[in-house]
Amino acid sequence: MTFRASVLTLYPDMFPGPLGLSLAGRALADGVWSLDTRNIRDFATDRHRSVDDTPAGGGAGMVLKPDVLAAALDSVADGRPMLAMTPRGAPLIQGKVRELAAGEGVVILCGRFEGFDERIFEARAVEPVSVGDYILSGGELPAMVLLDACVRLLPGVMGAASSGEEESFETGLLEYPHYTRPVDWEGRTIPEVLRSGDHARIAAWRHERALEDTRLRRPDLIERHGGASQAPPSGARRKK
């Protein structure tokens, strides 16, 4: 089953952009997923092809019009989840990415200017999603982030099915640190345990480092996932 992505944007020429390269690009060329971009402006009905208007109640900037947005969404609505990229949305997390990647695809609405007329969320089943607590010029880059996160999880894209099992956020923890050759670099050596060949010790060390780094760098993850700090080392989990 091909994962189908439809992106509604004022700048369709931005796509596929980075999504046409590396893993996502090869998967796109191989038909593992498809990308359809549509210009929101094509759904404007006035002679000026207006997609925005001044905010009700006054204020700076412009707001994307609900009638134009609804027409654009209706043109691709087919049961796939519809997402709107906006800093007012719920944070995108790995669990949500896995949920989306397991489906038939997504419809992504890219915001611009001051954002969307709020009525679009009342009139259509559109879920607001944010990729972080910062402001960008539009929703196109967040859309690429979401799609890249999904595409890499599609069957066959990463090669080995287990490639993503120990990455950051998969168990509620940040991933453990990595090392490679040379063993000694500028007086810094690879930790002895990683050179021991003892897989049980290595798995335990990796889990402890993941837990330590998460507590130091992202204590919010420990709080959010409660039992994550008690998760067994991945090697032990697989063996069991």
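**Exercise 1.** Determine which residues W33 touches, leaving aside those up to four places away in sequence.

*Solution.* With contact taken as heavy atoms within 4.5 Å, W33 touches T2, F3, A5, L19, A24, A27, L28, L147, V151 and L154. The model is a predicted one, in which local features need pLDDT of at least 70 and side-chain atom pairs count only at pLDDT 80 or more, while totals for chains, interfaces and linings use all residues. Residues are numbered from 1 along each chain as its sequence is written, and side-chain values use heavy atoms, with hydrogens and water left out.

**Exercise 2.** Place W33 in the largest nonpolar core and find which element gives the most to this core.

*Solution.* A nonpolar core is a set of buried (under 20% relative accessible area, 1.4 Å probe, protein chains only) Ala, Val, Leu, Ile, Met, Phe, Trp, Tyr and Cys residues joined through side-chain atoms within 4.5 Å. The largest has 27 residues, and W33, V106, L146 and L147 have the most contacts inside it. Among the elements that give two or more residues to this core are strand 1, helix 1 and helix 5 (140–151), helices being DSSP runs of H or I with at least four residues and strands runs of E with at least two, numbered from the N terminus. Helix 5 gives the most, with seven residues.

**Exercise 3.** Explain why the buried residues of helix 3 lie on the same side of this helix.

*Solution.* In helix 3, the buried residues are Q94, K96, V97, L100 and A101. Because they cover an arc of only 155° around the axis, they are on the same side of helix 3, the arc being that of the directions from the helix axis to the C-beta atoms.

Key. Buried means under 20% relative accessible area, exposed over 50%, partly exposed in between (1.4 Å probe, protein chains only).
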